[in-house]
Amino acid sequence: MHPYRLPLKFIGLWVVNIALLFVLTFATGLGEILINIQMKNLTYLYLGVGAVLTLLEQELWDKLKGN
């Protein structure tokens, strides 16, 4: 039995979404606000939000393609 593997499209979208979140966070100054309110685990926040955005994008693409 083969272990479950994430599709390459999902991983690529996830990386792009995390990069966009970093850019938007620091361009808007939201990073300073999050640090000031003692958000210690920003890594988990970025990974989680990036994953949710990726899942939504994949669902939208599948719906538009008719799959």
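Reader: In which helix is the place of T54?

Author: In this predicted model, T54 belongs to helix α3, which covers residues 42–65.

Reader: Why is T54 called buried?

Author: The relative accessibility of T54 is 0%. Buried means under 20% relative accessible area, so T54 counts as buried.

Reader: What makes the approach of T54 to W14 a polar contact?

Author: The side chain of T54 comes to 3.4 Å from the backbone nitrogen of W14. A polar contact requires a pair of N or O atoms within 3.5 Å, one able to donate a hydrogen and the other to accept it. The value of 3.4 Å therefore satisfies the distance condition.

Reader: Which residues does T54 touch, leaving aside those up to four places away in sequence?

Author: They are F10, L13, W14 and N17. Contact here means heavy atoms within 4.5 Å.

Reader: How many aromatic pairs does a search of the whole structure find?

Author: The search yields 2 aromatic pairs. One of them joins F10 and W14, with 5.6 Å centre to centre and 55 degrees between the planes.

Reader: Why is the pair of F10 and W14 called tilted?

Author: Ring centres must lie within 6.5 Å, and 5.6 Å meets that condition. Planes under 30 degrees apart count as stacked and those over 60 as edge-to-face. An angle of 55 degrees fits neither class, so the pair is tilted.

Reader: What separates F10 and W14 along helix α1?

Author: F10 and W14 are 4 residues apart in helix α1 (residues 8–28), and therefore about one helical turn lies between them.

Reader: How do you know whether F10 and W14 are buried or partly exposed?

Author: F10 has a relative accessible area of 8%, under the 20% cut-off, so F10 is buried. W14 has 23%, which falls between 20% and 50%, so W14 is partly exposed.

Reader: What makes F22 and Y46 an aromatic pair, and a tilted one?

Author: The ring centres of F22 and Y46 are 4.4 Å apart, within the 6.5 Å limit. Their planes make 55 degrees, neither under 30 nor over 60, so this pair is tilted.

Reader: Which parts does the pair of F22 and Y46 tie together?

Author: F22 lies in helix α1 and Y46 in helix α3, so the pair ties together parts 24 residues apart in sequence. F22 is partly exposed because its relative accessible area is 37%, whereas Y46, at 8%, is buried.

Reader: What is the secondary structure of the protein?

Author: There are 3 helices and 0 strands, giving the pattern α-α-α along the sequence.

How values were computed: Residues numbered from 1 in each chain as written. Predicted model: local features only at pLDDT ≥ 70, side-chain atom pairs only at ≥ 80, totals over all residues. Heavy atoms only, no water. Helix = DSSP H or I, 4+ residues; strand = E, 2+ residues; numbered from the N terminus. Buried < 20%, exposed > 50% of the residue type's maximum accessible area, 1.4 Å probe, protein only. Phe/Tyr/Trp six-rings, centres within 6.5 Å; stacked < 30°, edge-to-face > 60°.
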